[in-house]
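Trainee: Before I read anything into this fold, could you go through the model with me, one question at a time?

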Amino acid sequence: MLIIAAIGAALLVPASALASAPVVSTLSVTSTTSTKVTVAGQVNPSGEVTHFHADYDLANSTWCTGGGGPAAHSSPSELLNFSAAADYGTPVSIPGLTPGTQYCAQTVANNGSGTIGGVQIVFTA
């Protein structure tokens, strides 16, 4: 419970009522090998238990070119071990890529208040 006090009155507000969807940024994509990259993201869980992963697809896919729909691939979801409203680094490895092929990827986070994706970054494996 969060107590909000005013002169002569107090209002009890459940802490869950103040939570919101996570804030997400996709910061960079770096190669670790010719078939594996790391998507570096940043997530602010906005006070809730939050999971994160990376979505990725071929750069010429409908998802990557803004046509909508889901990405063809997602990395396994990972639990962010913090729920405080602060920014946390969220590196995600994506293995099994084809060397010389263009892809796009984004960091995605979800909690009880919603699912949010960062910007998509285009890269060549």
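Trainee: How many bridges join strand 4 to strand 8, and in which sense do the two run?

Mentor: This is a predicted model, in which local features need pLDDT of at least 70 and side-chain atom pairs count only at pLDDT 80 or more, while totals for chains, interfaces and linings use all residues. Residues are numbered from 1 along each chain as its sequence is written, and side-chain values use heavy atoms, with hydrogens and water left out. Strands here are DSSP runs (E, at least two residues) numbered from the N terminus, whereas helices are runs of H or I with at least four residues, and two strands pair if DSSP finds at least two bridges between them. Glutamine 42 stands opposite glycine 89 in strand 8, and strand 4 is joined to strand 8 (residues 88-89) by 2 bridges, with the two running antiparallel.

Trainee: How many helices and strands does the protein have?

Mentor: Read along the sequence, the pattern is β-β-β-β-β-β-β-β-β-β-β-β. The count is accordingly 0 helices and 12 strands.

Trainee: What average pLDDT does the protein have, and over which residues is the pLDDT below 50?

Mentor: The pLDDT is the predictor's confidence in each residue, from 0 to 100; the protein averages 86, and 86% of the residues score at least 70. Contact means heavy atoms within 4.5 Å, and the stretch with pLDDT below 50 has 18 contacts in the model beyond near neighbours in sequence. Where pLDDT is low, the predicted coordinates should not be read in detail. The average is 86, and the stretch below 50 is residues 1-14.

Trainee: Which strand does strand 4 pair with over 3 bridges, and which residue is the bridge partner of valine 37?

Mentor: Strand 4 is also joined to strand 3 by 9 bridges in an antiparallel arrangement, and a hairpin of 2 residues links strand 3 to strand 4. The antiparallel pairing over 3 bridges is with strand 9, where the partner of valine 37 is isoleucine 94.

Trainee: Which residues have the most contacts inside the largest nonpolar core?

Mentor: A nonpolar core is a set of buried Ala, Val, Leu, Ile, Met, Phe, Trp, Tyr and Cys residues joined through side-chain atoms within 4.5 Å, where buried means under 20% relative accessible area, exposed over 50% and partly exposed in between, with a 1.4 Å probe and protein chains only. The largest such core has 19 residues, and strands 3, 4, 5, 9, 10 and 12 each supply at least two of them. Leucine 97 touches residues including Val37, Tyr56, Tyr103 and Phe123, not counting residues up to four places away in sequence. The residues with the most contacts inside the core are Ile94, Leu97 and Phe123.

Trainee: Which side chains of strand 12 are buried?

Mentor: In a regular strand the side chains alternate between the two faces of the sheet. Strand 12 shows this alternation, with Val122 and Thr124 pointing to one face and not buried. Strand 12 is joined to strand 10 by 4 bridges, running antiparallel, and alanine 105 stands opposite isoleucine 121. The buried side chains, pointing to the other face, are Ile121 and Phe123.

Trainee: Why does threonine 50 count as buried?

Mentor: Threonine 50 lies in strand 5, where 7 of the 9 residues are buried. Leaving aside neighbours within four places in sequence, threonine 50 is in contact with residues among them Pro22, Val43, Leu80 and Ala109, and leucine 80 in strand 7 stands opposite threonine 50. Threonine 50 counts as buried because its relative accessibility is 0%.

Trainee: What is phi of serine 46 near, and is serine 46 buried or exposed?

Mentor: Most residues other than glycine have a negative phi, and most peptide bonds are trans. Serine 46, found in the loop between strand 4 and strand 5, has a positive phi instead, near 55 degrees. With a relative accessibility of 15%, serine 46 counts as buried.

Trainee: Which strand of the sequence holds glycine 117, and what is its relative accessible area?

Mentor: Glycine 117 touches Val24, Gln106, Thr107 and Val108, not counting residues up to four places away in sequence. Its place is in strand 11 (residues 114-117), and glycine 117 is partly exposed, with a relative accessible area of 39%.
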